[in-house]
Amino acid sequence: MRKAVFLGSFDPFTVGHASIVRRALPLFDKMVIGIGHNERKQYMQTAEERQDSICRLYADEPRIEVKTFDDLAVNFARREGANFILRGVRSVKDFEFEREQADFNRRLSGIETIILFAEPGMESISSSNLRELLHFGQDIKEFLPVK
């Protein structure tokens with residue numbers, strides 16, 4: 001069975017994240033969306049709130065599970081029995097970061113990373129940009145997936 005974990009903070013889960021899931025799902029038998037929690041970061045929503053909203057989004061897709069974790073991503077991937085770590089990149093800066101992470105994860109676990117590039121027009125959509133817009137009272141609905 002080909003199983004991937006798609007990892008991130010997903011605060012909030014954007015149309016860019018949904019695009020990665022939609023495009024990657026045909027590659028795998030199972031996908032776990034892993035919501036990371038880092039106590040050093042400040043979040044807009046709790047991990048449980050993020051998990052609930054993503055679960056609702058994929059309620060009709062039995063190949064997708066949504067879980068939280070608060071340790072190393074590679075340890076979560078191992079616990080889940082994942083063959084692959086799925087990541088999305090929007091820019092060269094993202095790519096360099098993800099390339100380094102993929103190298104470490106492969107060295108630590110043997111798990112390969114699969115990278116999908118953002119679709120055209122989604123390169124600037126990031127959770128941090130959306131949190132900034134919200135902070136200043138802007139409507140972000142167009143950047144959030146709807147079921």
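The model contains an open sheet of 5 strands in the order β3-β2-β1-β4-β5, with parallel pairing. This is a predicted model. The edges of the sheet are formed by β3 and β5 (112-117), each of which pairs on one side only. On average, neighbouring strands of this sheet are turned by 30° against each other, direction ignored.

**Strand pairing**

Strands of a sheet pair through backbone hydrogen bonds, either parallel or antiparallel. The table lists three pairings of this sheet, with one pair of opposite residues for each.

| Strand pair | Sense | Bridges | Opposite residues |
|---|---|---|---|
| β1 (residues 3-8) and β2 | parallel | 6 bridges | Gly-8 and Ile-35 |
| β2 and β3 (residues 64-69) | parallel | 6 bridges | Ile-33 and Val-66 |
| β4 (residues 84-89) and β5 | parallel | 6 bridges | Gly-88 and Leu-116 |

**Strand β2 and its crossovers**

Strand β2 spans residues 30-36 and is mostly covered, with 6 of its 7 residues buried. The chain reaches β2 from β1 by way of helix α1 (residues 15-24), in a right-handed β-α-β crossover. From β2 the chain continues through helix α2 (residues 47-57) to β3, and this β-α-β crossover is likewise right-handed. Helix α1 lies across β1, β2, β3, β4 and β5, and runs at about 115° to β5.

**Nonpolar cores**

The largest nonpolar core has 20 residues, of which Phe-13, Met-31, Ile-33 and Tyr-58 touch the most other members. At least two residues of this core are supplied by each of β1, α1, β2, α2 and β3. Helix α1 contributes the largest share, 4 residues.

Which residues does Ile-33 contact when its neighbours within four places in sequence are left aside? The contacts of Ile-33 are Phe-6, Phe-10, Phe-13, Val-21, Ile-54, Tyr-58, Ile-64, Glu-65, Val-66 and Lys-67. Among these, Val-66 is also the bridge partner of Ile-33 in β3, while Phe-13 and Tyr-58 are named with Ile-33 among the core residues that touch the most other members. Ile-33 thus appears both in the pairing of β2 with β3 and in the largest nonpolar core.

A second, separate core comprises 9 residues, including Val-32, Phe-69, Phe-76 and Ala-77.

Notes:
Residues numbered from 1 in each chain as written. Predicted model: local features only at pLDDT ≥ 70, side-chain atom pairs only at ≥ 80, totals over all residues. Heavy atoms only, no water. Buried < 20%, exposed > 50% of the residue type's maximum accessible area, 1.4 Å probe, protein only. Pairing = 2+ DSSP bridges. Right-handed = clockwise from strand over helix to strand, strands pointing away. Core = buried A, V, L, I, M, F, W, Y, C linked by side-chain atoms within 4.5 Å. Contact = heavy atoms within 4.5 Å. Axes fitted to C-alpha atoms, helices over the stretch in contact; angles between N-to-C directions.
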